[in-house]
Structures are given as C-alpha cells and as structure tokens.
Amino acid sequence: SILLWAVGMIYVLSTLGGDVSLDQVDSTAATDDAVAPACFMDYPSDFYFSGENVTEDDGCGGNYIQCPQWGRCHGGLLRDCNDGGGEWQGLVRFVPNEEGTSCVPSDGALVIMDVVQDALVNMTVSQSCRSSNMITDPASVLLKEQEPYPLFSLDVVSWRVNEASEVDITMSANLLLWLQPVFDAALVTFGQLSETHGPPNAIGLSSEVPEHKLPVPFSCQMKFMFMELFGWLLKFLYRILVLLTQKSWQYMSNHPKSSPIVLMILVAAVSIRRKTKHRAKVREIFDIVKEEAYDRLAHCDGSGGYAALHLRDDVGHAMYSSNVRERLFMYNYVWPRVIVEVRADNRVRKFRKAADGKQLEHWDLNTNSKRGWQLRKTPNKTPGKHVEVTSSAKRDP
C-alpha cells in the first residue's frame with residue numbers, strides 16, 4: 001500500500017509540473033523505447049519524385065500520416081510544396097520547412113505579403129483620415145456595416161503596390177488571388193465588393209487587427225478625438241432636451257390648468273429679455289453712429305449737402321467693413337433713430353434733389369456748426385496758429 005501511495009504521489013507531482021515535466025517524461029520514454037519516425041502518405045497518387053516509386057514500408061513502421069497541406073509526398077517524405085499552385089514567373093508560394101514536416105511560405109512570397117500588408121495599412125489609414133490620397137471611387141472601395149476596415153479592389157491594391165516599386169515582380173489581381181493562401185487570415189481578408197457570387201475581387205485588413213496598431217498620424221488622431229467629443233456633446237444635449245421635454249410633459253399632465261399660465265410667463269420672459277438686449281445694443285452704438293454721421297456732415301465741402309442714403313452706407317461700411325450682419329443691424333434699427341435726430345436738428349438744412357437719377361433727401365450742416373465741429377474734433381488746438389483739419393472721405397452725393 002505504501003508503494004502504491006508513493007507511485008500515486010509521483011504521478012500527481014509530475015502532472016502539476018506543467019509542460020516542462022511532460023517534455024522530460026516524453027524524452028525519457030523516447031530513450032527507453034525508440035519509436036519509428038512517421039511517414040507521409042503518397043500524395044497525389046500519380047506523383048513520383050525523380051522517377052522514384054517506393055512501394056516498400058522503408059522502415060516507417062506503418063505510422064503513415066496525411067501529406068501536409070500544399071505539399072507533394074512520395075516514399076514517406078515531403079518532396080515539395082507545389083500542389084495545386086505551381087509557380088508564378090519562377091515564384092513559388094510554399095516550400096518545405098527545415099524539418100521537412102510542413103509547408104511554409106517562401107521568402108519571395110513573404111516579401112510580397114509584407115509589401116501588400118503595408119499598402120493595405122496605408123490605404124486604410126488614408127480612408128479613415130480622409131486624406132488627399134484616399135480612394136474616392138465607390139466601385140473600388142467598400143466599408144460594410146459592423147466592419148472596422150474597408151475592402152479595396154484587387155486592381156487598386158495592385159496599382160498601389162506597383163506604384164511603390166518595392167517588389168521585383170509586377171503585381172496584379174490574379175497574382176493576389178494566387179497568393180491568397182499565403183496571407184494570414186488574422187491580418188488580411190479577401191471578399192466581394194458587391195453581393196455577387198464568385199471569386200474574391202477585394203482585399204482588406206482583417207477585423208482582428210487592433211485599431212491602435214495602425215500608424216495613424218497625430219493630426220488624424222486629434223480629428224478623431226474632436227469628432228468623438230462633438231458626438232458626445234450632441235448626445236449629452238439630446239439627452240438634456242429629452243429630459244426637459246419629459247419633465248415638461250409630465251408637469252403639463254399633472255397640472256393641466258396652471259400649465260398654460262406658466263408657459264405664457266416663460267414666453268413673456270424670453271421675449272422681454274430679447275427686447276431688452278436688443279434695445280441695449282441699439283443704445284450702445286447709437287451715439288457712435290450719430291457721431292460718425294455728424295463728423296462726415298461737418299467735413300462736407302460746399303453747400304450741396306450729403307445724400308442721407310449715401311451717408312448711411314458710408315457710415316455702415318466704415319464701421320463694419322466685413323461684418324454684414326452688424327451692418328444690416330445698424331441700417332435697420334440704429335439709422336432710423338439717427339434720421340429722427342437729424343430731422344429735429346435745426347442746424348441741418350434738409351432738402352431733396354436728384355442724385356444719380358434718383359430724388360434723394362440731402363442734409364447740409366450750416367457753416368458755423370461745421371466750423372465749430374471741426375474745431376472741437378481737432379486735437380491740440382493752439383490759438384494763433386493755422387491747424388490743418390483732415391476731412392473724412394466724402395462720397396459723391
């Protein structure tokens with residue numbers, strides 16, 4: 001019983017030791033009982049390597065297994081990896097590994113695969129960032145719903161690879177299809193640009209590729225960040241609006257009699273606030289506009305007067321040369337008050353005459369008022385000395 005207990009403990013400890021212990025056990029067993037090497041079954045059945053036709057067991061001990069994918073086997077050995085694919089201008093897709101147990105991509109195929117993957121990464125980043133070299137033809141690119149990366153037509157990808165001139169072989173759509181088994185499905189995927197059946201006509205990055213692994217430029221990252229912030233702000237405002245609507249509806253449902261009164265009070269408060277703000281703005285710029293108008297009247301030479309409509313336009317363009325909205329506000333709400341002020345001023349002569357084929361109202365400040373205004377507006381006045389007064393540019397009335 002003690003012996004059985006010891007054997008059981010050794011077995012448990014060896015099981016808890018992980019893969020290292022298992023490897024050690026397997027190697028010991030191999031030294032004690034040598035196992036005959038496994039051999040591959042002949043595939044395809046009509047393939048003979050260098051005219052060799054081995055029919056004997058050749059020491060395989062009956063341990064035959066399937067020939068590796070893409071491989072051709074004969075006499076128990078993996079001879080080459082050209083099954084079903086052949087060559088493309090001297091390029092083979094797969095070659096036997098060093099142990100001769102499986103088929104691995106050839107060096108030439110790996111170089112092309114890396115170049116194509118780099119091109120797909122750059123094209124994907126360009127599409128995401130909407131850069132100048134993005135693909136704009138809808139027939140050459142497709143972004144499916146629930147997919148993070150777009151698919152590109154094989155012809156466009158071939159053109160981008162050839163444009164980079166990083167491979168010695170001319171890339172084409174048929175060559176990409178021929179190399180499809182070489183690409184890692186976790187990195188690259190093939191598909192269709194349309195809902196038709198047939199061979200793949202598009203290629204793109206697999207959805208398993210993490211987005212943070214893509215070399216996105218800093219400017220593009222900032223744009224994505226602002227877009228996310230803007231989207232979050234819109235969602236926040238939408239939720240606030242929904243909440244206010246729900247609360248308002250709930251209040252109106254619970255207080256059907258007082259709700260109209262509250263609504264009228266709110267509308268009145270908003271209207272009063274808007275009018276108060278409007279009047280304050282009119283008062284703020286009225287004195288400035290009036291001062292500018294009288295200044296131009298004071299520097300108007302002769303007795304021909306200044307067309308009131310032209311005076312309004314000159315003052316508006318002088319004050320708001322590039323702000324059309326503020327200029328229109330002055331025309332519509334401030335200038336009418338200036339007209340009332342000027343028409344009530346007896347120092348200003350009002351008359352009508354033709355200007356540019358139109359009968360327009362003209363204003364002319366009397367001579368004494370002009371001289372007094374010019375002296376008042378002239379800085380550093382010194383008695384006994386002539387002071388040159390720079391007049392405002394007058395528009396031809």
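Let's start with D345, which touches Y294 and K350 once residues up to four places away in sequence are left out. You'll find D345 in the loop between α9 and β14 (348-355). Is this loop residue buried or exposed? D345 counts as buried, because its relative accessibility is 10% and the cut-off for buried is under 20%. Keep in mind as you look around that this is a predicted model.

Step back from D345 into helix α9 (residues 324-343), and you come to F329 and Y333. The structure holds seven aromatic pairs. F329 and Y333 make one of them, a tilted pair with 5.1 Å centre to centre and 45 degrees between the planes. Why do these two sit where they can pair up? They are four residues apart in α9, so about one helical turn separates them. Their surroundings are not alike: F329 is buried, with a relative accessible area of 12%, while Y333 is partly exposed at 42%.

Another aromatic pair also involves α9, this time with a partner outside the helix: W335 lies in α9 and W363 in strand β15 (residues 358-365). Their rings are stacked, 6.1 Å centre to centre, with 25 degrees between the planes. Because the two tryptophans belong to a helix and a strand, the pair ties together parts that are 28 residues apart in sequence. And how accessible are they? W335 is buried, with a relative accessible area of 4%, and W363 is buried too, at 1%.

Now go the other way along the chain, to helix α8 (residues 308-319), where G316 sits. With a relative accessible area of 0%, G316 is buried. What does G316 touch, leaving aside its neighbours within four places in sequence? The list is S321, R327, M330 and Y331. There's a C-alpha distance to check here as well: G316 and L328 are twelve residues apart along the chain, and their C-alpha atoms are separated by 8.3 Å.

For another buried spot, look at F190 in strand β11 (residues 188-191). F190 has 16% relative accessibility, so it counts as buried. Skipping residues up to four places away in sequence, F190 touches L154, L176, L177, Q180, F183, P200, A202 and I203. Take L177 from that list: F190 and L177 are 13 residues apart in sequence, and their C-alpha atoms are 8.8 Å apart in space.

Next, the pockets. The largest one holds about 550 Å³ of space. Its lining has 19 residues, and those nearest the centre are S128, C129, P148, E211 and F224. Which elements give two or more residues to this lining? They are α3 (107-129) and α6 (218-254). The largest share comes from α3, with five residues. As for chemistry, the lining has eleven nonpolar, five polar and three charged residues.

The second largest pocket has a volume of about 200 Å³. Here the lining can be given in full: S248, Y251, M252, S259, V262, L263, L266 and V267. Helix α6 turns up again, since α6 and α7 (259-298) each supply at least two of the lining residues. This time α7 gives the most, with five residues. By class, the lining has six nonpolar residues, two polar ones and no charged ones.

Finally, zoom out to the chain as a whole. How many helices and strands does it have? There are ten helices and 15 strands. Of the 397 residues in the chain, 31% are buried, and F190, for one, is among the buried residues. If you count contacts with a separation of 6 or more, 56% of them join residues 24 or more positions apart. The accessible surface of the chain comes to about 26800 Å², and 57% of that belongs to carbon and sulfur atoms.

Technical notes. Residues numbered from 1 in each chain as written. Predicted model: local features only at pLDDT ≥ 70, side-chain atom pairs only at ≥ 80, totals over all residues. Heavy atoms only, no water. 1 Å grid on protein atoms, 1.4 Å probe; cavity = no way out; pocket = protein on both sides within 12 Å on 5 of 7 lines; lining within 4 Å. Points joined across faces, edges and corners; volume = space filled by probe spheres on them. Nonpolar A, V, L, I, M, F, W, Y, C, P; charged D, E, K, R; others polar. Buried < 20%, exposed > 50% of the residue type's maximum accessible area, 1.4 Å probe, protein only. Contact = heavy atoms within 4.5 Å. Areas by Shrake-Rupley, 256 points an atom, 1.4 Å probe, with all protein chains shown as cover. Phe/Tyr/Trp six-rings, centres within 6.5 Å; stacked < 30°, edge-to-face > 60°.
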